[in-house]
Amino acid sequence: MAATDHEQIRALLARYNFALDAGDAAAWAGCFTADGAFESTGVESEPVRVEAGDLGAFVVRQHEINQGRGRHWTNNELIEVDGDTASMRCYQLAVTTARRIASIGTYHDRLRKVDGRWLFTLRHVDVDPRPAD
């Protein structure tokens with residue numbers, strides 16, 4: 001893997017997180033390929049899958065639900081590049097501006113390089129169950 005691929009993918013992660021936290025529908029959807037999708041397990045009672053055409057509306061709804069107080073981090077990226085495709089696994093941490101942990105989990109991603117830019121074809125997060133209080 002070229003160092004530039006790794007840095008471009010890490011920059012994609014930052015754009016994704018900032019767009020998510022700002023509720024910026026165009027910027028967040030712009031992190032995905034035209035046929036991309038987002039999946040989540042562990043947050044809702046049923047797994048969530050959001051197809052490309054609904055990504056913008058989804059992030060706006062999430063921003064409204066958390067009242068703009070969410071902050072997302074990703075770290076410990078394991079990135080495997082194979083030509084113009086890649087897979088990545090990394091940890092996810094979401095906190096609130098009240099400094100409470102909102103969620104912890106693991107992303108399992110598939111990416112594709114499109115016109116020289118890395119984008120998600122699938123962003124899947126498994127959110128860890130909350131411990132009993």
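Where is the place of Arg-100? Let's start there and work through the rest of this predicted model as a set of exercises.

**Exercise 1: a loop residue**

Task: place Arg-100, decide whether it is buried or exposed, and give its C-alpha distance to Gly-70.

Solution.
- Step one: Arg-100 sits in the loop that runs between strand 4 and strand 5.
- Step two: the relative accessibility of Arg-100 is 57%. The cut-off for exposed is over 50%, so Arg-100 counts as exposed.
- Step three: go C-alpha to C-alpha, and Arg-100 and Gly-70 are 9.7 Å apart in space, with their positions 30 residues apart in sequence.

**Exercise 2: rings around Trp-28**

Task: work out how Trp-28 pairs with Phe-32 and with Phe-38, and say how each ring stands in terms of burial.

Solution.
- Step one: recall what to look for. A ring pair is described by the distance of the centres and the angle of the planes.
- Step two: the model has 9 aromatic pairs. One of them joins Trp-28 and Phe-32, with 5.2 Å centre to centre and 65° between the planes. Angles over 60 degrees count as edge-to-face, so that is the label for Trp-28 and Phe-32.
- Step three: Trp-28 also pairs edge-to-face with Phe-38, at 5.7 Å centre to centre and 65° between the planes. This pair links distant parts of the chain: Trp-28 belongs to helix 2 (residues 25-29) and Phe-38 to strand 1 (residues 32-41), 10 residues apart.
- Step four: check burial, where the cut-off is under 20%. Trp-28 comes in at 0% and is buried. Phe-32 is buried at 5%, and Phe-38 is buried at 6%.

**Exercise 3: from pairs to a cluster and a core**

Task: find the aromatic cluster that holds Trp-28, then see which elements build the largest nonpolar core.

Solution.
- Step one: the cluster is made of Tyr-16, Trp-28, Phe-32, Phe-38, Phe-58, Tyr-107 and Phe-120.
- Step two: look for charges on those rings. Arg-123 puts its charged end over the ring of Tyr-16, 4.5 Å from the centre. Arg-123 also lies over the face of Tyr-107, 3.4 Å from the ring centre.
- Step three: turn to the largest nonpolar core, which has 24 residues. Those with the most contacts inside it are Tyr-16, Trp-28, Phe-32, Phe-38, Leu-111 and Phe-120.
- Step four: two or more core residues each come from helix 1 (3-22), strand 1, helix 3 (55-65), strand 4, strand 5 (101-114) and strand 6 (117-127). Helix 1 gives the largest share, 6 residues.

**Exercise 4: salt bridges**

Task: trace the salt bridges of Arg-10 and Arg-49, and say which parts of the chain they tie together.

Solution.
- Step one: the principle is simple. Side chains of opposite charge can pair when their charged atoms come close. The model holds 7 salt bridges.
- Step two: Arg-10 and Glu-77 meet in one of them, at 3.7 Å from N to O. Arg-10 is in helix 1 and Glu-77 in strand 3 (residues 70-82), so this pair ties together parts that are 67 residues apart in sequence. Arg-10 is partly exposed, at 38%.
- Step three: add Glu-7, and you have a salt-bridge network of Glu-7, Arg-10 and Glu-77.
- Step four: Glu-39 and Arg-49 form a salt bridge at 2.3 Å, N to O. Here Glu-39 of strand 1 is linked with Arg-49 of strand 2 (residues 48-51), 10 residues apart. Glu-39 is buried at 18%, whereas Arg-49 is partly exposed at 47%.
- Step five: Arg-49 has another partner, Glu-51, with the closest N and O atoms 2.6 Å apart. Glu-51 is partly exposed, with a relative accessible area of 38%.

**Exercise 5: a nonpolar patch**

Task: name the members of the nonpolar surface patch that includes Leu-93, and explain how Leu-93 rates for exposure.

Solution.
- Step one: the patch is formed by Trp-73, Leu-93, Ile-101 and Ile-104, together giving about 380 Å² of accessible area.
- Step two: Leu-93 belongs to strand 4 (residues 85-96).
- Step three: the relative accessibility of Leu-93 is 31%, so Leu-93 counts as partly exposed. Patch members need over 30%, and Leu-93 at 31% meets that.

Key. Residues are numbered from 1 along each chain as its sequence is written. This is a predicted model: local features need pLDDT of at least 70, side-chain atom pairs count only at pLDDT 80 or more; totals for chains, interfaces and linings use all residues. Side-chain values use heavy atoms; hydrogens and water are left out. Patches are made of residues with over 30% relative accessible area and no salt bridge: like charges are joined within 9 Å, nonpolar side chains (Val, Leu, Ile, Met, Phe, Trp, Tyr) within 5 Å. Accessible areas come from the Shrake-Rupley method with a 1.4 Å probe; for residues, only the protein chains shown count as cover. A salt bridge is a side-chain nitrogen of Lys or Arg within 4 Å of a carboxyl oxygen of Asp or Glu. Helices (H or I, at least four residues) and strands (E, at least two) are DSSP runs, numbered from the N terminus. Buried means under 20% relative accessible area, exposed over 50%, partly exposed in between (1.4 Å probe, protein chains only). Rings of Phe, Tyr and Trp (its six-membered ring) pair if their centres lie within 6.5 Å; planes under 30 degrees apart count as stacked, over 60 as edge-to-face and the rest as tilted. A charge sits over a ring if NZ of Lys or CZ of Arg is within 6 Å of the ring centre and within 35 degrees of the ring normal. A nonpolar core is a set of buried Ala, Val, Leu, Ile, Met, Phe, Trp, Tyr and Cys residues joined through side-chain atoms within 4.5 Å.
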